[in-house]
Amino acid sequence: MPDCIFCRIVKKEIPAKVVYEDESSVAFLDINPRSTGMTIVASKKHFSNFDEDSETATKIFQSAQAVAKAIKSALNPLAIEFGVIPSKEVPHFHIRIYPVYENEIPLLENQPKKVSEQELEKIAAEIRSATPTAPAKEEVIVEQVEEPKRTEEDIAWIKRQLGLE
Ligand SMILES: [Zn+2]
């Protein structure tokens, strides 16, 4: 979609304060945040609704959680709210992350905060430093659990329980 603003951010045609990126998603700060560190997690692929590509949508939800955890540890909000609101202006699948603070409740009817470029960069750097650099790959850690060794006594007991002896 040549005119889609999120596609252009994904392709780095429009600069954005990217805080996280992996093969399916890009997360960047909203330049008109309703609270400090408000972040948009967009899919790299252009589609608008979750059910057009559930598999990718799932990955975006996973990325959003990773980014939310980073925001939590970097900015220490009281809570994190998520918004998945299809938008007519930007018909490109994305999840909004709204950090909530005691004096910053990110209500939709609130006016966006005025944040300078410098402040945005500082916030982005803080979130980036708390974000895992390597995307979560399908890593399967198989723990070797040794079977407890059974003594002859144990075996005899088991056999008795099973009525074998
Ligand atoms: Zn797009």
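Q: Buried means under 20% relative accessible area. With that in hand, what share of the protein is buried?
A: In this predicted model, buried residues make up 36% of the 165 residues. The accessible surface comes to about 11,300 Å², and 52% of that belongs to carbon and sulfur atoms.

Q: What makes up the secondary structure, and in which order do the elements run?
A: There are four helices and five strands. From the N terminus on, the order is α-β-β-β-α-β-β-α-α.

Q: Why is strand E3 called largely enclosed?
A: E3 covers residues 39–43, and five of its five residues are buried, so the rest of the structure largely encloses this strand. Both of its faces are covered: Thr-39, Val-41 and Ser-43 are buried on one side, and Ile-40 and Ala-42 are buried on the other.

Q: What makes E2 and E3 a strand pair?
A: The cut-off is at least two bridges, and five bridges join E2 to E3. That meets the requirement, so the two count as paired. They run antiparallel, and Leu-29 stands opposite Thr-39 in E3.

Q: How do you know that E3 pairs with E5 too?
A: By the same test: four bridges join E3 to E5, and at least two are needed, so this is also a pair. These strands run antiparallel, with Val-41 standing opposite Ile-95 in E5.

Q: Why is the contact between Phe-6 and Phe-28 called an edge-to-face aromatic pair?
A: A search of the whole structure finds three aromatic pairs. For Phe-6 and Phe-28, the ring centres are 5.5 Å apart and the planes sit at 75°. Ring centres have to lie within 6.5 Å, and planes over 60 degrees apart count as edge-to-face, so both conditions hold here.

Q: Which parts of the chain does that pair tie together?
A: Phe-6 is in helix H1 (residues 5–10) and Phe-28 is in strand E2 (residues 25–29), so the pair ties together parts that are 22 residues apart in sequence.

Q: Are Phe-6 and Phe-28 buried or exposed?
A: Phe-6 has 6% relative accessibility and counts as buried. Phe-28 is at 3%, so it counts as buried as well.

Q: What makes Phe-61 and Phe-93 an edge-to-face pair?
A: Their centres are 6.2 Å apart, with 70° between the planes. Set against the limits of within 6.5 Å and over 60 degrees, those values pass, so the label fits. This pair links distant parts of the chain: Phe-61 is in helix H2 (residues 54–75) and Phe-93 is in the loop between E4 and strand E5 (94–100), 32 residues apart. Phe-61, Phe-93 and Phe-47 form one aromatic cluster.

Q: Why is Phe-61 called partly exposed, while Phe-93 gets another label?
A: Phe-61 has a relative accessible area of 38%, and the partly exposed class lies between 20% and 50%, so Phe-61 belongs there. Phe-93, at 3%, counts as buried.

Q: Which residues touch the most other members of the largest nonpolar core?
A: Out of 24 residues, these are Val-19, Leu-29, Val-41, Val-67, Ile-71, Ile-97 and Ile-127. Strand E1 (18–21), E2, H2, E5 and helix H3 (117–130) each supply at least two core residues. H2 gives the largest share, eight residues. Apart from this core lies another, of 11 residues, among them Cys-7, Ile-9, Val-26 and Phe-28. As general background, nonpolar side chains in soluble globular proteins tend to be buried together.

Q: Where does Glu-81 lie, and how exposed is it?
A: Glu-81 lies in strand E4 (residues 79–83). Its relative accessible area is 41%, which puts it between the buried limit of 20% and the exposed limit of 50%, so it's partly exposed. Leaving aside neighbours within four places in sequence, Glu-81 is in contact with Arg-96, Ile-97, Tyr-98, Val-100 and Pro-106. Glu-81 and Pro-99 are 18 residues apart in sequence and 6.3 Å apart in space, C-alpha to C-alpha.

Q: How many disulfides does a search of the whole structure find?
A: Zero. A disulfide needs cysteine sulfur atoms within 2.5 Å, so no pair of them meets that limit here. As for burial, Cys-4 counts as buried at 5% relative accessibility, and Cys-7 is buried with a relative accessible area of 7%.

Definitions and conventions
Residues numbered from 1 in each chain as written. Predicted model: local features only at pLDDT ≥ 70, side-chain atom pairs only at ≥ 80, totals over all residues. Heavy atoms only, no water. Buried < 20%, exposed > 50% of the residue type's maximum accessible area, 1.4 Å probe, protein only. Contact = heavy atoms within 4.5 Å. Phe/Tyr/Trp six-rings, centres within 6.5 Å; stacked < 30°, edge-to-face > 60°. Areas by Shrake-Rupley, 256 points an atom, 1.4 Å probe, with all protein chains shown as cover. Core = buried A, V, L, I, M, F, W, Y, C linked by side-chain atoms within 4.5 Å.
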